[in-house]
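Here's a quick tour for anyone about to set up calculations on this one. Have the viewer open and follow along.

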Amino acid sequence: MRGKPMNGKLTLVLCFASFLAGSLFTGRNRIQTKDPQFHNHFENLEAATPDCDHKRKLVESNDQDIMVEVTKTHQALQSLEKTFGNWEMEMALSRTNGRNSRPLPPEKAFVVIGINTAFSSKKRRDSIRETWMPRGESLKKMEKEKGIVVRFVIGKSGRPGGALDRAIDEEEEEHGDFLRLRHVEDYHQLSTKTRLYFTTAVALWAAEFYVKVDDDVHVNLGALVTALERHRSKPRIYMGCMKSGPVLSQKGLKYHEPEHWKFGEEGNEYFRHATGQIYAISKDLAAYISLNFPILHRYANEDVSLGAWLIGLEVEHVDDRSMCCGTPPDCEAKSNGGNVCVATFDWSCSGICESVERMKEVHKLCGEDNGAIWNVAV
């Protein structure tokens, strides 16, 4: 008795065993004897057994609690498996932000809209500035108050500091609406430019969404932000007008695919992907592209490349047909019916045909109210 104290579980077991032995002994002696002294003695023992019975019930209750905890643990593991992908994306985003030389702004943006443009497209840029893209102080105000960042995206020329680069520098000084990439402009390197755009945008802005749009497409910013807002709480969103199309193996065609053999037999089609005129991806996918920039394969067409980067991931493809309305009368009829289009272009031209001359017309007939972007809650 002066040794180490008995283990609590052992005490319960001994108590329970004593109770069983006592019950058997009591029952047998009740049958074999009628001596009142024995009856009084065992009645006193029975009075002492409720405490042991209570402990037995505690043991049984503990067993039930253990089973409940096991069930909860199993459910937690299942939940963990489902959310592990989300955590991986968040870690990628964190690592991406952590390696940037420039710290992120104190306030997150809601969306970064990069307008893909070229050195020869100044008139296109001006047509956009005169229609759907705010300018000057309005552009800054929209960025500060709404978290909506809009920039023309362009790289460098093959001759650093040459006439082309100087012209962009002067345009940037006047308007302040460019995002310059460390990339040599080349139409056949659009996949590289797209990949670098997302990487650079993630490094400069902590946005919920990143959008790429061509400079011959009309956009209603209020409708775009409203469409994106509906998917804000969802992880890994890839949004646009989803399409497929033939893999062109014949050389000399505009959209010839040199790696056509990877897509199977001749005549096969590409997997579903967002058409390249405009598309949006959520922050975790942009972070994934940024983090894996060096090993993402580039196909001839940038929209196919983006689709290829994302097709093997747990991504929700959102097919939003309001992002590919036709020019008037199509977008006009939809606008008059209360369904304002997010983006408008001509499929036949992969943008608005003769966009410099027609952008104002499209904006007049299909554009949203001037105050629409300021009334959107983000």
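Glutamine 277 sits in strand 7, in what is a predicted model. With a relative accessible area of 6%, glutamine 277 is buried, because the cut-off for that label is under 20%. Its side chain makes a polar contact with the side chain of threonine 275, at 2.4 Å.

**Around glutamine 277**

- Setting aside neighbours within four places in sequence, glutamine 277 is in contact with Lys212, Val213, Asp214, Val217, Phe345, Ser350 and Gly351.
- One of those contacts, Ser350, also turns up among the residues closest to the centre of the largest pocket.
- Another, Lys212, is part of the lining of the largest cavity.

**The largest pocket**

- How much space lies in the largest pocket? About 1,100 Å³.
- The pocket is lined by 38 residues, and the closest to its centre are Tyr187, Leu190, Lys254, Tyr255 and Ser350.
- Which element gives the largest share of the lining of the largest pocket? That's strand 7, with 4 residues.
- Helix 6 (190-204), strand 4 (207-214), strand 7 (273-282) and helix 9 each put in at least two lining residues.
- Sorted by class, the lining of the largest pocket has 13 nonpolar, 13 polar and 12 charged residues.

**The largest cavity**

- The count comes to 1 cavity of 30 Å³ or more, and the largest cavity has a volume of about 80 Å³.
- Its lining is made up of Gly114, Asn116, Val153, Leu190, Lys193, Thr194, Tyr197, Lys212 and Glu302.
- Helix 6 gives the largest share of that lining, 4 residues, and strand 1 (109-116) also supplies at least two.
- By class, the cavity lining divides into 3 nonpolar, 3 polar and 3 charged residues.
- Leu190 does double duty: it lines the largest cavity and is also listed among the residues closest to the centre of the largest pocket.

**Salt bridges**

- There are 24 salt bridges in the structure.
- Side chains of opposite charge can pair when their charged atoms come close.
- Glutamate 171 and arginine 129 are one such pair, joined through their side chains at 3.0 Å, N to O.
- That bridge links distant parts of the chain, with glutamate 171 in helix 5 (residues 163-175) and arginine 129 in helix 3 (residues 122-129), 42 residues apart.
- Are the two partners buried or exposed? Glutamate 171 is buried, with a relative accessible area of 4%, and arginine 129 is buried too, with 3%.
- Both residues belong to a network of salt bridges that also takes in Lys122, Arg125, Asp126 and Asp177.
- Lysine 193, which we met in the cavity lining, forms a salt bridge with glutamate 185 through their side chains (2.9 Å, N to O).
- Lysine 193 counts as buried, at 3% relative accessibility.
- Aspartate 303 pairs with lysine 243, and here the closest N and O atoms are 3.7 Å apart.
- Aspartate 303 lies in helix 9 (residues 302-311) and lysine 243 in strand 6 (residues 237-243), so this bridge ties together parts that are 60 residues apart in sequence.
- Aspartate 303 is buried, with a relative accessible area of 10%, whereas lysine 243 is partly exposed, with 26%.

**Helix 8**

- Helix 8 (residues 283-291) is mostly covered, as 7 of its 9 residues are buried.
- Which residues of helix 8 are the buried ones? They are Asp284, Leu285, Ala286, Ala287, Tyr288, Ile289 and Ser290.

**Valine 184**

- Valine 184 is found in strand 3 (residues 178-184).
- At 48% relative accessibility, valine 184 counts as partly exposed, because only values over 50% earn the label exposed.
- Leaving out residues up to four places away in sequence, valine 184 touches Lys156, Ser157 and Gly158.
- The C-alpha atoms of valine 184 and arginine 159 are separated by 9.1 Å, and the two residues are 25 residues apart along the chain.

Terms used. Residues are numbered from 1 along each chain as its sequence is written. This is a predicted model: local features need pLDDT of at least 70, side-chain atom pairs count only at pLDDT 80 or more; totals for chains, interfaces and linings use all residues. Side-chain values use heavy atoms; hydrogens and water are left out. A salt bridge is a side-chain nitrogen of Lys or Arg within 4 Å of a carboxyl oxygen of Asp or Glu. Buried means under 20% relative accessible area, exposed over 50%, partly exposed in between (1.4 Å probe, protein chains only). On a 1 Å grid over the protein atoms alone, a cavity is a set of points where a 1.4 Å probe fits but cannot get out, and a pocket is an open set with protein on both sides within 12 Å along at least five of seven lines; lining residues have an atom within 4 Å of a point. Grid points are joined across faces, edges and corners, and a volume is the space filled by probe spheres set on the points. Ala, Val, Leu, Ile, Met, Phe, Trp, Tyr, Cys and Pro count as nonpolar, Asp, Glu, Lys and Arg as charged, and the others, Gly among them, as polar. Contact means heavy atoms within 4.5 Å. A polar contact is a pair of N or O atoms within 3.5 Å; within protein, one must be able to donate a hydrogen and the other to accept it, and residues adjacent in sequence count only if both atoms are side-chain atoms.
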